[in-house]
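The following exercises concern the reading of a protein model. Each task is followed by a solution that proceeds step by step.

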Amino acid sequence: MPRAVRVRFRRKYVSRSPITPAAPAAPPNRSPAPGAATRATWGSRLGFVLAAAGSAVGLGAVWKFPYVVGEHGGGAFLTVYLGCVLTLGVALLLAEMTIGRLTGQSITTAMRTLGGRAWAWVGRIATFNAFAILSFYVVVGGWTVAYLLRAITGSVLASDTTRLVGEFSAFTANPVASLASMGAFLGLTALIVAAGVQKGIERAGKWLMPALFFLMLLVIARALTLPGAMAGVAWFLTPDFSVITGDTLLEALGLAFFSLSLGAGMIVVYGSYLPKDARLAGSAVWVATLATLACFLAGLMILPAVFAFGVAPNAGPGLTFITMPAIFAQMPFGHAIAVAFFLLLLFAALTSAVSLFEPVTAFLIDEYGWRRGPAVVAVLVATFLFGAPAALSFGIWSDVRLFDRTIFDLMDYVTVNLLMPAGGLCVALFVGGRIWPTARTVLEGSRAQWFVPLWRVLLLVLTPIAIFGVWYQSL
């Protein structure tokens, strides 16, 4: 073929082929990350799905979901939450997986590779958000460590909820106990992350998530037989839309982002460990389904018991640690089941904490060429120092308030209700607009091809409307 003909051929046909992102390169003036050419991958698609779902199935479901539902109207809140998950949630899960799969990088490096330096700032903010969430999340993780020890000794079992409320308040107000338990939980999280993707993160998710689901079903079976439990079920499943306010919508949207680990770079990092032939659409649906199922089961596990024992459903962050011991105290083999429950709750909490710890670690590896070991140690120390004020806000610093919120509540509100939706909005605009010709290719040839136009509408239309609308309503 003559040279002139070859040139015309390339211009006409080759240039129209789908855009392929450039191979990941080290940031300017920085050394490439050690081992960057041989980035770790998940051992199986199931391992990825369970690990990603584990980031929500832990404290996002069992701890946070029941008490937020209790504070915001029961069934009405559940309905709004499900609407957020099944629309924006699935679309943004797929978007974050796509960014990670296309580049094989953490969110800051990936945004720079695909979109340029300006977009890298979105990744930096998302990474900081993951770090900030981790810093107050490990406080609650520390509670699971302490309550596991109490379950082993049997001191946690009591049917007197007034006593349980007092014991929980006394424990969280004790600065030494609170900081020590937080440090123990943070250390366990660091050990898993230091072990790597397959040997640490994936292995934990594969074994612990099925066990937690089984135990949740066992506890639900007992909770539903308690006198007065059906009133809790009715309150949880029957929507009263008159109670919905702007704050309710904001909390539902924030919880959807929190329970699916969106807007903080977690799913981008997990997606970066996916092999190139992984089916993203199916994985996104499975992660959303498991996360939603876990939240629903947690509601059935805790809220009926709340009504049975006369505890206020808006009792706040300590709700799980108050109602569950009361249930176990009235169950056959309650001591053994309490130990198993808090052990598995600890493991589930660890999978969630790992999903927050890993993006910050991957940021140091991808952006600054750190090795995994030193990066893990640096994140561990920084998280403990940043999280200590949140732990102390239940005791000696309980009077320190900003915008009428304790330090813990303020960190929770800003990160989950403001920064996570903002991060999700940026990801939606980035995938649906900036890199759409590239992003849509991840679904080519799959059975989910029909979803492509709807996916873009969800990203560019529904996501901005929902997020800005909810922010406006909450002001």
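**Exercise 1.** Determine in which helix of this predicted model confidence is lowest and in which it is highest.

*Solution.* Confidence reaches its lowest helix value in α1 (residues 3–12), with a mean pLDDT of 43. The highest value belongs to helix α16 (residues 372–392), at 94. For the protein as a whole, the average pLDDT is 81, and 83% of the residues score at least 70.

**Exercise 2.** State over which residues pLDDT stays under 50, and how the coordinates there should be treated.

*Solution.* The stretch is residues 1–38. The model has 31 contacts beyond four places in sequence for this stretch. Where pLDDT is low, predicted coordinates should not be read in detail.

**Exercise 3.** Describe the overall composition of the fold.

*Solution.* Begin with secondary structure: the protein has 19 helices and two strands. Next, consider burial: 57% of the 475 residues are buried. Then take the contacts with a separation of 6 or more: 83% of them join residues 24 or more positions apart. Finally, the exposed surface amounts to about 18700 Å², of which carbon and sulfur atoms supply 67%.

**Exercise 4.** Decide whether Met420 is buried or exposed, and identify what it touches.

*Solution.* Met420 is located in helix α17 (residues 407–434). Its relative accessibility is 0%, and therefore Met420 counts as buried, the cut-off being under 20%. Leaving aside residues up to four places away in sequence, Met420 touches Asn129, Ile133, Phe257, Phe258, Ser261, Leu262, Gly263, Met266 and Thr415. Of these partners, Phe258 is 162 residues from Met420 along the chain, yet their C-alpha atoms are separated by 7.5 Å.

Notes
Residues numbered from 1 in each chain as written. Predicted model: local features only at pLDDT ≥ 70, side-chain atom pairs only at ≥ 80, totals over all residues. Heavy atoms only, no water. Helix = DSSP H or I, 4+ residues; strand = E, 2+ residues; numbered from the N terminus. Buried < 20%, exposed > 50% of the residue type's maximum accessible area, 1.4 Å probe, protein only. Contact = heavy atoms within 4.5 Å. Areas by Shrake-Rupley, 256 points an atom, 1.4 Å probe, with all protein chains shown as cover. pLDDT = per-residue confidence, 0-100.
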